[in-house]
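Q: Please take a close look at one part of this model, the helix pair and the loops that follow each helix. A connected account of the backbone and the contacts would be useful.

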Amino acid sequence: MDLLILKVKGKFAHFRKFYTNSSSLSYSVPPRTTVVGLIAAVLGYERDSYYGLFSKNNFNVSIKKDGCIRKIMQSVNYIKATSPKNIFCPKDHTQIPVEVLTGDDGVKYTIYINCEDKSLMDELEYRVKDNKYVYSPYLGAAPFNCSFQFCNRLDVQLEKSNESIQVSTLVNSKYIAPGSIDIFEDDNLKLLKERMPVEFLKDREIGDMASYIYDENGHPLKLKLNTEFVKLEDENIVFM
């Protein structure tokens, strides 16, 4: 199995939770749909044109939160547009609270990618290594630009285990054996469970949803899996 490991970093980020209304709350970690959108931007795919190519059946993605992130609320002025004319000649504005992610060293994640299409993997590696993005990538909102860093490309195998293992990435809750997480083992554990979109269908309809478990501080979780995982030299990962 061909595995590409990239790091993405920015100063700020905002990954809007799909169920928020007037206040734009943010996930701490980008959903799979956002990660796929970042990759599509680097490769130059037009908006809404890549959902089939990057579907869950064709494209494996996993993500790890690198370090602590804090959330701040900022009020953002939006144009109150009731007609096309208001966009070009705005008269009124409305203020919307927006939750922004930041940190002492910015916002950082590690992304793990697997695809059977070798030419796609080759092009992604080339564009990240040479900083030749077709479209500028950003972390959830256009003002929050980001940069990629190539880490490694490996040939790996999927494994299974009946024992508890340390998992560094987000884990779909359905892949966790019941009762296998000991929340009292680590006093610094800050466990979060968030429901996120997994992929889009045609016309930008949400095709699947899942609940993901991770530690807010970016620490690996010790648990038992009922699915296959990838064992790397110093960590284990599970695809989303």
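A: In this predicted model, D48 sits in the loop that links α1 to β2. Its phi is positive, about 65°, although D48 is not a glycine. For comparison with the usual case, most residues other than glycine have a negative phi. D48 is partly exposed, and its relative accessible area is 36%.

A second residue of this kind follows the other helix. N131 comes just after α3, in the loop between α3 and β6. The phi of N131 is near 55°, again a positive value in a residue other than glycine.

The two helices that precede these loops are in contact. Helix α1 covers residues 32-43 and helix α3 covers residues 118-129; their axes come within 10 Å and cross at roughly 80°. An angle from 65 to 115 degrees counts as roughly perpendicular, and α1 and α3 are therefore roughly perpendicular to each other. On the α1 side the contact is made by I39, V42 and L43, and on the α3 side by L120, E123, L124, R127 and V128. Sorted by class, the residues in this contact of α1 with α3 are six nonpolar, two charged and no polar.

Helix α3 itself has twelve residues, and the span from its first C-alpha to its last is 16 Å, close to the 16 Å expected at 1.5 Å a residue. Its buried residues are L120, M121, L124, E125, R127 and V128. Among them, L120, L124, R127 and V128 also appear in the contact with α1. An α-helix has 3.6 residues a turn, so residues three or four places apart point the same way. Helix α1 is one part of what covers the buried residues of α3; the cover also includes the strands β1 (2-10), β2 (59-65), β5 (107-115) and β6 (146-155). Of these, β2 is the strand at the far end of the D48 loop, and β6 is the strand that ends the N131 loop.

Elsewhere in the chain, an open sheet of three strands has the order β9-β11-β10, and its pairing is antiparallel. β9 (171-172) and β10 (191-200) are the edge strands, each with a single partner, so one side of each has no neighbour in the sheet. β10 and β11 (residues 206-215) are joined by nine bridges and run antiparallel. Within this sheet, P197 is opposite M209 of β11.

Conventions
Residues are numbered from 1 along each chain as its sequence is written. This is a predicted model: local features need pLDDT of at least 70, side-chain atom pairs count only at pLDDT 80 or more; totals for chains, interfaces and linings use all residues. Side-chain values use heavy atoms; hydrogens and water are left out. Axes are lines fitted to C-alpha atoms, for helices over the stretch in contact, and angles run from 0 to 180 degrees between N-to-C directions. Helices (H or I, at least four residues) and strands (E, at least two) are DSSP runs, numbered from the N terminus. Angles under 35 degrees count as roughly parallel, over 145 as roughly antiparallel, 65 to 115 as roughly perpendicular and the rest as oblique. Contact means heavy atoms within 4.5 Å. Ala, Val, Leu, Ile, Met, Phe, Trp, Tyr, Cys and Pro count as nonpolar, Asp, Glu, Lys and Arg as charged, and the others, Gly among them, as polar. Two strands pair if DSSP finds at least two bridges between them. The expected span of a helix is 1.5 Å times one less than its number of residues. Buried means under 20% relative accessible area, exposed over 50%, partly exposed in between (1.4 Å probe, protein chains only).
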